[in-house]
Amino acid sequence: MLEKKIDRRIKKTKDQLRKCLTQLMEHKPLKEITVKELTDYADINRGTFYLHYNNLHGLLSEYEDDLIVQFETVLNRYPDKDMSQKPYLIFMDLFNFIYENADLCRILLSERNDTKLVEKLVRVVQKNALNQWITAHTTSEDIYEYYCSYIVHGCIGLINQWTKEGMTIPPKEMSIRVTDIILNGIKGL
């Protein structure tokens, strides 16, 4: 099936709206931002906004979905066995991805913004990566959901801390630290 080609003007408009929404969300949560405020800030007509989206949640949801697709692409580069045998390599790519999308990840993953990104990330990671890894490291299916939640939410907490601190630790070092924390837990201290 051929992929539908997007008009460059539409892409430019959507990119501008996303960029401006991200900038506004640095200062206040989505629920306090209006379409008028966003379109004024983006210097785009409100009618143009409504040609593409029903509301700000539609824009944010599309933005999150695009980010998830990119995230899945990173995860899918590795065969299942790499998650259990070489998790460091996957985390290296993931931290580089986060580094390249720092502003957006910092905002969307923060507790201040009510987004569905964390829920989407949990589902993607469970579906694509953790199943193989946890199956290789645990025999109990009863505890699987707990491990998934622990690992994903723990990683999101680490990412939040890392982005808040200005990402002063290089992605490679973060990959080593996360792998060590996941594999060794408190024993690694």
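**A ten-helix chain, from its surface to its core**

The accessible surface of the chain comes to about 11,800 Å², and 51% of that area belongs to carbon and sulfur atoms. The model is a predicted one, and every value given here is computed from it. Of the 189 residues in the chain, 43% count as buried. The secondary structure consists of ten helices and zero strands, so that reading along the sequence gives the pattern α-α-α-α-α-α-α-α-α-α. Among contacts between residues at least 6 apart in sequence, 64% join residues that are at least 24 apart.

Helix α1 offers a convenient way into the fold. It covers residues 8–25, has 18 residues, and reaches 25 Å from its first C-alpha to its last, which is close to the 26 Å expected at 1.5 Å a residue. Its buried residues are T13, K14, L17, R18, C20, L21, T22, L24 and M25, and the buried residues of α1 pack against α2 (35–42), α3 (46–52), α4 (56–75) and α7 (102–109).

Some of these residues lead on to the interior. In soluble globular proteins, nonpolar side chains tend to be buried together. In this chain the largest nonpolar core has 51 residues, and those with the most contacts inside it are L17, L21, M25, L38, F49 and F71. The elements that give two or more residues to this core are α1, α2, α4, α6 (87–100), α7, α8 (117–137), α9 (144–164) and α10 (171–184), and it is α4 that gives the most, with nine residues. One member of the core, F71, can be followed outward: setting aside residues up to four places away in sequence, F71 touches L94, F97, L121, V124 and V125.

The charged residues give a second view of how α1 and α4 are related. What is the accessibility class of R18, a residue of helix α1? With a relative accessible area of 12%, R18 is buried, because the cut-off for that class is under 20%. Leaving aside its neighbours within four places in sequence, R18 is in contact with L59, E62, Y63 and D66. Although R18 and E62 are 44 residues apart in sequence, their C-alpha atoms are 9.6 Å apart in space.

The count of salt bridges comes to nine. One of them joins E62 to K14, with the closest N and O atoms 3.4 Å apart; since E62 lies in helix α4 and K14 in helix α1, this pair ties together parts that are 48 residues apart in sequence. E62 itself counts as partly exposed, at 23% relative accessibility. Another salt bridge joins D66 to R18, with the closest N and O atoms 2.3 Å apart, and this pair also links distant parts of the chain, D66 being in helix α4 and R18 in helix α1, 48 residues apart. D66, at 30% relative accessibility, is partly exposed. Through salt bridges that share partners, K14, R18, E62 and D66 are joined into one network.

A further salt bridge joins R9 to D7, where the closest N and O atoms are 2.6 Å apart. R9 is exposed, with a relative accessible area of 62%, whereas D7 is partly exposed at 28%.

Finally, nonpolar side chains also appear on the outside. I143, Y146 and Y147 form a nonpolar patch on the surface, with about 320 Å² of accessible area together. Of these residues, Y147 has its place in helix α9 and counts as partly exposed, at 36% relative accessibility.

How values were computed. Residues are numbered from 1 along each chain as its sequence is written. This is a predicted model: local features need pLDDT of at least 70, side-chain atom pairs count only at pLDDT 80 or more; totals for chains, interfaces and linings use all residues. Side-chain values use heavy atoms; hydrogens and water are left out. Helices (H or I, at least four residues) and strands (E, at least two) are DSSP runs, numbered from the N terminus. The expected span of a helix is 1.5 Å times one less than its number of residues. Buried means under 20% relative accessible area, exposed over 50%, partly exposed in between (1.4 Å probe, protein chains only). Contact means heavy atoms within 4.5 Å. A nonpolar core is a set of buried Ala, Val, Leu, Ile, Met, Phe, Trp, Tyr and Cys residues joined through side-chain atoms within 4.5 Å. Patches are made of residues with over 30% relative accessible area and no salt bridge: like charges are joined within 9 Å, nonpolar side chains (Val, Leu, Ile, Met, Phe, Trp, Tyr) within 5 Å. Accessible areas come from the Shrake-Rupley method with a 1.4 Å probe; for residues, only the protein chains shown count as cover. A salt bridge is a side-chain nitrogen of Lys or Arg within 4 Å of a carboxyl oxygen of Asp or Glu.
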